[in-house]
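Please take a moment to look over the chain before reading on, and keep the sequence beside the picture. The paragraphs below go from place to place.

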Amino acid sequence: SASASEIVSGSLQDLDRVVVIGQRSFGKGLVQNTRPLSYNTQVKITTAKYYTPSGRCIQALDYAHRNEDGSVGHVPDSLMKEFKTKGGRSVYDGGGIRPDLQMKPRTLSKIVISLESKEMFFDYATKYRMAHPTIEAADKFRISELEYQEFVKWLEGKDYDYTTDSEKELEELKKVATKEKYIGKIQKDFDALKTSLSHNKSEDLQLFKEDIKQVLEREIVSRYYFQKGKIQHAISLDEEVKKAIEVLNDNQKYTDILTGKYVEKDLKDN
């Protein structure tokens, strides 16, 4: 998230009114306006900065000090300043809003991305809708193991190939080794490694089954309950939401977090 949502969450955090859960926000704390120049050009000027009640600015990118190539870097940790919340907890500027409980970000596997881009989920959900007049409520709907295997069987012969990051890196290694004339020495080992890293779609369908099932379920749900249903289904499986419910149901834990007694332990746990 960025900008206005960061200001709201940061303000509530500064006032010790909420427990912030998730990942660090983007760090958008500037107000910028453009001014027209000659030759159909414009200049962007920073006219204001956002500050939370503790006095911290959440801006993460340091536009005032550019790298030699013109790129912009993040505010270094050494220049971040410490501020205090209303209850005395330490918070820092220069890097967005850091959550009180850090959660690992979820990433989609290559096979899920490929199935999505090739509209396999879309097509199968349409097929499923035609064969099933009704399903459970959006937040309760789950496909069975048998139904998942039917989806796997339906995928046979369909085009949804992909390249993993490991395979991409290996190809880059081959290019460099060839350029430096080392490929002859490592060709045998390279071929063995390539064979080991080569993805197998059938294996990946089982390895990433839970991720695939969730995306497929949401697509199927949308055929019955539309966008609202997709959101309800996603919320029912969201790890941040589960953590939030856990904290809200534990008054002692909630209090300890807001008084700074529980932060370090929970950060290690997550």
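A good place to begin is Ile-231, which is found in helix H8. Ile-231 counts as partly exposed, because its relative accessibility is 44%, and that value falls between the limit of under 20% for buried residues and the limit of over 50% for exposed ones. If you follow the sequence from Ile-231 to Phe-121, the two residues are 110 residues apart along the chain, and in space their C-alpha atoms are separated by 17 Å. A second pair can be set beside this one: Asp-123 and Leu-170 are 47 residues apart in sequence, and the distance from C-alpha to C-alpha is 33 Å. Of these two, Asp-123 has its place in helix H3, where its relative accessibility of 36% makes it count as partly exposed.

Before going further, it should be said that this is a predicted model, and that the confidence of the prediction can be followed along the chain. The average pLDDT of the chain is 91, and 97% of the residues score at least 70. Confidence is highest in H3, at a mean of 98, and lowest in helix H11, which covers residues 263-269 and has a mean of 49. Over residues 266-270 the pLDDT is below 50, and this stretch has 9 contacts in the model beyond near neighbours in sequence. Where pLDDT is low, the predicted coordinates should not be read in detail.

Now turn to helix H2, which is made of residues 110-117, and ask which of its residues are buried. The buried ones are Ile-111, Val-112, Ser-114 and Leu-115. They lie on the same side of H2, because they cover an arc of only 165 degrees around the axis. What covers these buried residues includes helix H3 (120-131), helix H4 (145-155), helix H7 (201-207) and helix H8 (209-237), and with H8 we are back at the helix in which Ile-231 is found.

After H2 comes Glu-119, whose phi is positive, near 60 degrees. Most residues other than glycine have a negative phi. Glu-119 is not a glycine, and yet its phi has a positive value of about 60 degrees. The place of Glu-119 is in the loop between H2 and H3, and with a relative accessible area of 46% this residue is partly exposed. Asn-40 also has a positive phi near 60 degrees, and it too is a residue other than glycine. Asn-40 is found in the loop between E2 and strand E3, the latter being residues 41-49, and because its relative accessibility is 80%, Asn-40 counts as exposed.

In strand E2, which covers residues 30-37, you will find Leu-37. This residue is partly exposed, with a relative accessible area of 48%. Together with Val-43 and Ile-45, Leu-37 forms a nonpolar patch on the surface, and the accessible area of the three together is about 220 Å².

The last topic is the pairing of charged side chains, for which the count comes to 14 salt bridges. One of them joins Arg-106 and Asp-211, whose side chains meet at 3.2 Å, from N to O. Arg-106 lies in the loop between strand E8 (101-102) and H2, while Asp-211 lies in helix H8, so the pair ties together parts that are 105 residues apart in sequence. Arg-106 itself is partly exposed, with a relative accessible area of 46%.

Another salt bridge is formed by Lys-242 with Glu-239, where the closest N and O atoms are 3.7 Å apart. Both residues lie in helix H9, residues 239-248, and they are 3 residues apart, which is about one turn of the helix. Lys-242 is partly exposed at a relative accessible area of 40%, and Glu-239 is partly exposed at 46%. Lys-84 forms a salt bridge with Glu-82, and here the closest N and O atoms are 3.1 Å apart. Again the partners are partly exposed, Lys-84 with a relative accessible area of 46% and Glu-82 with a relative accessibility of 43%. Finally, you can look for Asp-16, Arg-89 and Asp-100, which are linked in a network of salt bridges.

Technical notes
Residues are numbered from 1 along each chain as its sequence is written. Side-chain values use heavy atoms; hydrogens and water are left out. Patches are made of residues with over 30% relative accessible area and no salt bridge: like charges are joined within 9 Å, nonpolar side chains (Val, Leu, Ile, Met, Phe, Trp, Tyr) within 5 Å. Accessible areas come from the Shrake-Rupley method with a 1.4 Å probe; for residues, only the protein chains shown count as cover. A salt bridge is a side-chain nitrogen of Lys or Arg within 4 Å of a carboxyl oxygen of Asp or Glu. Helices (H or I, at least four residues) and strands (E, at least two) are DSSP runs, numbered from the N terminus. Buried means under 20% relative accessible area, exposed over 50%, partly exposed in between (1.4 Å probe, protein chains only). The arc is that of the directions from the helix axis to the C-beta atoms. Contact means heavy atoms within 4.5 Å. pLDDT is the predictor's confidence in each residue, from 0 to 100.
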